[in-house]
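Hi everyone, thanks for coming along. I'd like to walk you through one model today, so let me put it up on the screen.

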Protein chains: 2
Amino acid sequence: MSVTKTNAEKPEVGRAGILNAAASLFCQHGYGGVSLRAIAEAAGIKAGSIYYHFASKDAIVTEILDAGILSVHDEARAAVEALPNDTTPDAIFRAAVRGHLHALLEHGDYTSANVRIFGQVPPAVRDANLPVRKAYEKYLDDLLSDLQATGAIREGVSLSRLRLLLIGALNATLEWFDPEQGGAEALADDYADTFLNGILNKTGDNT
Amino acid sequence: MSVTKTNAEKPEVGRAGILNAAASLFCQHGYGGVSLRAIAEAAGIKAGSIYYHFASKDAIVTEILDAGILSVHDEARAAVEALPNDTTPDAIFRAAVRGHLHALLEHGDYTSANVRIFGQVPPAVRDANLPVRKAYEKYLDDLLSDLQATGAIREGVSLSRLRLLLIGALNATLEWFDPEQGGAEALADDYADTFLNGILNKTGDNT
DNA sequence: AAATTAACCTAACAAGTGTTAGGTAGGTAG
DNA sequence: CTACCTACCTAACACTTGTTAGGTTAATTT
């Protein structure tokens, strides 16, 4: 799905251009802060023309929300599936984190928009996004469950909370990620390491 | 600051009532999705009356954003200061997490509003919030720095990234926290434990 | 060449928005 | 009792918003 990559140099025309423009604007100004006139202008057309492609503002939003989740799900799954068969549990965890962050930070207007405006949209729009949302959650739940079954996850870690913590932490990178300070890749490694090993010094030998 | 506690039973009148109503509505609908008429109605007055108390919509927002950060800062600091003098590094970390989550989840319309709309508000409003924001960040940076100086934090953990990860993860609880499944306290303990010890099973004896 | 289609434009509509200026009424101070 | 203050109300304003219906034009199909 090439629409998930925002091309800043030459605005896409037509339907894709409208979605791209809208996703970007929703990230910046929230759901209610973006008018159809603003979207149209960013897409290089006039507001009334949007109705040739979409039935309503909410039809645009609905599509963006879905694309945002599908994108991150696809990349996390692809990263994990690209691993060799005899991969270690922690490498699997790292891959999922890497995939998620890559989608979010490098191709992220759609996913960013989802993260930022999901809680603001009208209930019907929110409900419409639930199926793809739950599918991704299930994917991660299953992945963590598999890791646990290998004995890789220590006792006392609640998987449901872990998944919520993980997604929440990863999505929060949106607010401050700066590519100048290392790319999504380096950040993913760092994050995964923190989640896997914690921050406590257990060896007592670096004081 | 009693205004940070939303009282659902009897709306506060006057200035505090406006702030409370606005904070709650911004959480639900974002910055642009909340009109002065909606705020006024929730506060039990008419929209024009808001101008007796506030110069503009943005004056309301500015005040809510600041209160949101101050609240969480105060509670984190209070939780840490309440500890005995010979407290362990991990207990200090736990206290900070507990304070933050308590402010966020139990008294949280103001902080929630900050988390949710900071990225959407006009640049001038955002800039106005930066001083109190940076003060809290510095507080956490210093706390983590002190922990590191005791040797409690393992080598390889980047403090700046850790602080960002921590705040991000904690604030993300807003999207899914459900008091029916244990209070903020239990969640704080769980989260702190995950951050401190990681999720990897290092002992290999629970397979 | 005429008809059709895709992708826009335009003007207008009804409703909504932040704000202003003038007014009201109850309570308090002198 | 009068004057002042607080905390609202109201009507109006200029502008904005999502949407609609009718129109245009270039490209393609018949």
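Let's begin at Arg94(A), which sits in helix α5 (residues 89-106) of chain A; helices here are DSSP runs of H or I with at least four residues, strands are runs of E with at least two, and both are numbered from the N terminus. Before I go on, two housekeeping sentences. This is a predicted model, so local features need pLDDT of at least 70 and side-chain atom pairs count only at pLDDT 80 or more, while totals for chains, interfaces and linings use all residues. Residues are numbered from 1 along each chain as its sequence is written, chains are lettered from A and ligands numbered from 1 in the order in which they are written, and side-chain values use heavy atoms, with hydrogens and water left out.

Back to Arg94(A): is this residue buried or exposed? Neither, as Arg94(A) has 22% relative accessibility and counts as partly exposed. The scale I use is under 20% relative accessible area for buried, over 50% for exposed and partly exposed in between, with a 1.4 Å probe and protein chains only. Setting aside residues up to four places away in sequence, Arg94(A) touches Asp189(A), Ala192(A), Asp193(A), Leu196(A) and Asn197(A), where contact means heavy atoms within 4.5 Å. Its C-alpha atom is separated by 30 Å from that of Phe26(A), 68 residues apart along the chain.

Over in chain B, have a look at Thr173(B), in the loop between α8 (159-172) and α9 (184-197). Thr173(B) is buried, with a relative accessible area of 0%. Beyond its neighbours within four places in sequence, Thr173(B) contacts Leu101(B), Leu104(B), Leu105(B), Leu187(B) and Tyr191(B).

Now the DNA. Which residues come nearest to strand D? Among the 16 around DNA strand D, they are Leu36(A), Arg37(A), Tyr51(A), Lys46(B) and Ser49(B); a residue is near a strand if one of its heavy atoms lies within 4 Å of it. A backbone N or O atom of Leu36(A) lies 2.6 Å from a phosphate oxygen of DNA strand D, and a polar backbone atom of Lys46(B) is 2.6 Å from a phosphate oxygen of that strand. The side chain of Lys57(A) has an N or O atom 2.9 Å from a phosphate oxygen of DNA strand D. Two elements give two or more residues to the surface near DNA strand D: α2 (36-42) of chain A and α3 (50-53) of chain B.

On to DNA strand C, which 16 residues surround, the closest being Lys46(A), Ser49(A), Leu36(B), Arg37(B) and Tyr51(B). For phosphate oxygens of this strand, a polar side-chain atom of His53(A) lies 3.1 Å away, one of Tyr52(A) lies 3.5 Å away, and an N or O atom in the side chain of Lys57(B) is 2.9 Å away. Here α3 (50-53) of chain A and α2 (36-43) of chain B are the elements giving two or more residues to the surface.

Last, the cysteines. How many disulfides are there over all chains? The count is 0, taking a disulfide as a pair of cysteine sulfur atoms within 2.5 Å. The sulfur of Cys27(A) is too far for a bond because the closest cysteine sulfur, in Cys27(B), is 20 Å away. Cys27(A) is buried, at 6% relative accessible area, and Cys27(B) counts as buried at 6% relative accessibility.

That's my tour, and I'm happy to chat afterwards.

Definitions and conventions:
A polar contact is a pair of N or O atoms within 3.5 Å; within protein, one must be able to donate a hydrogen and the other to accept it, and residues adjacent in sequence count only if both atoms are side-chain atoms.
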